[in-house]
Amino acid sequence: MGAPCRQPGIKATLNKVNAIQGRMQVGCGLTTKEIRGRPYLYFWHYEERGGRRVQVFQYIGSPRSPSARGRLESAVSAYYERVTVELRDRRLALLARIPPP
């Protein structure tokens, strides 16, 4: 629990209301991996697996492929949509822990 406030006339307890379980890492990017001498594009992002945040690579295609750009745009949009929802949920969970006045 928190420590009592020592200011005269103020009766409040200080708590760590931001102690939400789990760490969140937000980030994504594009990288090229060379496999057997040929370049391949991958979209990377963070995701929770088994209670841990791990960096995940998603194959996009050949850097020379015109359709790879569309797949990359779709992957980035889907990632940001998912992260936006997750951030909103974490924010609401934190605000719900604030004690009433």
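What share of the 101 residues in the protein do buried residues make up? The answer is 16%, where buried means under 20% relative accessible area, exposed means over 50%, and partly exposed covers what is in between, with a 1.4 Å probe and protein chains only.

Before you click around, a word on what you have open. This is a predicted model, in which local features need pLDDT of at least 70, side-chain atom pairs count only at pLDDT 80 or more, and totals for chains, interfaces and linings use all residues. Residues are numbered from 1 along each chain as its sequence is written, and side-chain values use heavy atoms, with hydrogens and water left out.

**Stop 1: the overall layout**

Switch to a cartoon view. You should find 1 helix and 5 strands, in the order β-β-β-β-β-α from the N terminus on. Both kinds of element are DSSP runs numbered from the N terminus: helices are H or I with at least four residues, strands are E with at least two.

**Stop 2: rings and a lysine**

Now show the aromatic side chains. The structure holds 5 aromatic pairs. For a pair, rings of Phe, Tyr and Trp (its six-membered ring) need centres within 6.5 Å; planes under 30 degrees apart are stacked, over 60 edge-to-face, and the rest tilted.

Select Trp44 and Tyr46. Their rings meet edge-to-face, 5.7 Å centre to centre with 80° between the planes. Trp44 is buried at 19% relative accessible area, while Tyr46, at 21%, counts as partly exposed.

Next, pick Tyr79 and Tyr80. This pair is edge-to-face too, at 5.4 Å between centres and 80° between planes. Is Tyr79 buried or exposed? Tyr79 counts as buried because its relative accessible area is 3%. Tyr80 has 44% relative accessibility, so it is partly exposed.

Then select Tyr40, Tyr42 and Tyr59, which form one aromatic cluster. Keep Tyr42 on screen and add Lys33 and Phe57. The charged end of Lys33 sits over the ring of Tyr42, 5.0 Å from its centre. Which other ring does the charged end of Lys33 sit over? That one belongs to Phe57, with the charged end 3.9 Å from the ring centre. For a charge to sit over a ring, NZ of Lys or CZ of Arg must be within 6 Å of the ring centre and within 35 degrees of the ring normal.

**Stop 3: along strand E4**

Go to strand E4, residues 38-49, and click His45. His45 is buried, with 7% relative accessibility. Its side chain is joined to that of Glu47 by a polar contact of 2.9 Å. A polar contact is a pair of N or O atoms within 3.5 Å; within protein, one must be able to donate a hydrogen and the other to accept it, and residues adjacent in sequence count only if both atoms are side-chain atoms.

Stay on Glu47 and add Arg49. These two form a salt bridge, with the closest N and O atoms 2.8 Å apart. The term means a side-chain nitrogen of Lys or Arg within 4 Å of a carboxyl oxygen of Asp or Glu. Arg49 is partly exposed at 47%.

**Stop 4: charges on the helix**

How many salt bridges does a search of the whole structure find? It finds 6. For another one, select Glu86 and Arg90, whose side chains meet at 3.6 Å, N to O. Both lie in helix H1, 4 residues apart, about one turn of the helix. Glu86 counts as buried, at 18% relative accessibility.

Arg88 and Asp89 also meet in a salt bridge, at 3.6 Å, N to O. Then bring up Arg53, Arg82, Glu86 and Arg90 together: salt bridges that share partners join them into one network.

**Stop 5: Val76 and Leu30**

Click Val76 in helix H1. Val76 is partly exposed, with 27% relative accessible area. Now add Leu30: the two are 46 residues apart along the chain, and their C-alpha atoms are separated by 9.6 Å.

**Stop 6: a nonpolar patch**

Finish in the segment after helix H1 (66-96), where you will find Ile98. Ile98 is partly exposed, at 45%. With Leu92 and Leu95, Ile98 makes a nonpolar surface patch of about 260 Å². Patches take residues with over 30% relative accessible area and no salt bridge, joining like charges within 9 Å and nonpolar side chains (Val, Leu, Ile, Met, Phe, Trp, Tyr) within 5 Å. Accessible areas come from the Shrake-Rupley method with a 1.4 Å probe, and for residues only the protein chains shown count as cover.
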